[in-house]
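Q: I've got this model open and I'd like a close look at one part of it. Please walk me through that part and then what lies around it.

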Amino acid sequence: MSSSGGAPGASASSAPPAQEEGMTWWYRWLCRLSGVLGAVSCAISGLFNCITIHPLNIAAGVWMIMNAFILLLCEAPFCCQFIEFANTVAEKVDRLRSWQKAVFYCGGDAISYARIQQQRQQADEEKLAETLEGEL
């Protein structure tokens, strides 16, 4: 009796939350496709960013390529068939709600971009101050 009572509850909790959110199948595939296209564009940009002599640009390019790999691993595990745990990671990511995925995908990059922008502003202010001191 307890096994039959537990079975419906277990099957309801094991269903992916994407279905609970009311997302249609085409919207899920559209989101997945946009993630794959984002990963490909990030990898290509990272590759072009590595073609330089500046070490920070090379590090940023490698970071972009690693982000692209993680995004492909989460959204399109069939692209990473040579990795044994790719399907496991994809299943865990599929259990996340869409807003959790957005925070995971965009949260770290937003902080990094804000930090880079702040460093650029400080460098511009220092150059302006040096220029003004040189004219006086």
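The part I have in mind is the surroundings of one glutamate. Leaving aside neighbours within four places in sequence, which residues is Glu-75 in contact with, and is Glu-75 buried or exposed?

A: One thing to keep in mind before zooming in: this is a predicted model. For orientation, the protein chain has six helices and zero strands, so reading from the N terminus you get α-α-α-α-α-α. Glu-75 lies in helix H4, which covers 55–75.

Now to your second point. Glu-75 has a relative accessibility of 5%, so it counts as buried, the cut-off being under 20%. Burial applies to 18% of the 136 residues in the chain.

As for its company, once you set aside neighbours within four places in sequence, Glu-75 is in contact with Arg-32, Val-36, Val-93, Lys-101 and Tyr-105. Let's take a couple of those in turn.

Start with Arg-32, which sits in helix H3. A polar atom of the Arg-32 side chain lies 3.1 Å from the backbone oxygen of Glu-75. Note which part of the glutamate is involved there: the backbone oxygen. The side chain of Arg-32 also has an acidic partner, since a polar contact of 2.6 Å links it to the side chain of Asp-94. With neighbours within four places left out, the contacts of Arg-32 are Glu-75 and Asp-94.

Another H3 residue worth clicking on is Ser-34. Its C-alpha is 9.5 Å from that of Glu-75, although 41 residues separate the two in sequence. Ser-34 has 44% relative accessibility, so it counts as partly exposed, whereas Glu-75 at 5% is buried.

Next, Val-36. Besides being in contact with Glu-75, Val-36 belongs to the largest nonpolar core. That core has 11 residues, and its other members are Ala-39, Cys-42, Ala-68, Leu-71, Leu-72, Leu-73, Ala-76, Cys-80, Ile-83 and Ala-86. Helix H3 (25–49) and helix H4 each give two or more residues to the core, and the largest share, four residues, comes from H4. As background, nonpolar side chains tend to be buried together in soluble globular proteins.

To see the core from another side, pick Ala-86. Apart from neighbours within four places in sequence, Ala-86 is in contact with Leu-73, Pro-77 and Cys-80. Of these, Leu-73 and Cys-80 are on the list of core members.

You can also follow H3 and H4 a bit further along. Gly-38, found in H3, is 33 residues from Leu-71 in sequence, yet their C-alpha atoms are 8.3 Å apart. Leu-71 is one of the core residues, while Gly-38, at 29% relative accessibility, counts as partly exposed. Zooming out for a moment, among contacts in the chain between residues at least 6 apart in sequence, 42% join residues at least 24 apart.

Then there's helix H6, which spans 98–135. Have a look at Phe-104, which is placed in H6. Leaving out neighbours within four places, Phe-104 is in contact with Ile-70 and Cys-74. Its relative accessible area is 48%, so Phe-104 is partly exposed rather than buried.

If you pull back from the glutamate, there's some open space to look at too. The largest pocket holds about 1000 Å³. It is lined by 28 residues, and those closest to its centre are Ala-60, Trp-63, Ser-112, Tyr-113 and Ile-116. H3, H4 and H6 each supply at least two lining residues, and H4 gives the most, with 12. That puts H4 in three parts of this tour: it holds Glu-75, gives the largest share of the core and gives the most to the pocket lining.

Last, the outside: the accessible surface of the chain comes to about 10400 Å², and 65% of that belongs to carbon and sulfur atoms.

Key
Residues are numbered from 1 along each chain as its sequence is written. This is a predicted model: local features need pLDDT of at least 70, side-chain atom pairs count only at pLDDT 80 or more; totals for chains, interfaces and linings use all residues. Side-chain values use heavy atoms; hydrogens and water are left out. A nonpolar core is a set of buried Ala, Val, Leu, Ile, Met, Phe, Trp, Tyr and Cys residues joined through side-chain atoms within 4.5 Å. Buried means under 20% relative accessible area, exposed over 50%, partly exposed in between (1.4 Å probe, protein chains only). Contact means heavy atoms within 4.5 Å. A polar contact is a pair of N or O atoms within 3.5 Å; within protein, one must be able to donate a hydrogen and the other to accept it, and residues adjacent in sequence count only if both atoms are side-chain atoms. Accessible areas come from the Shrake-Rupley method with a 1.4 Å probe; for residues, only the protein chains shown count as cover. On a 1 Å grid over the protein atoms alone, a cavity is a set of points where a 1.4 Å probe fits but cannot get out, and a pocket is an open set with protein on both sides within 12 Å along at least five of seven lines; lining residues have an atom within 4 Å of a point. Grid points are joined across faces, edges and corners, and a volume is the space filled by probe spheres set on the points.
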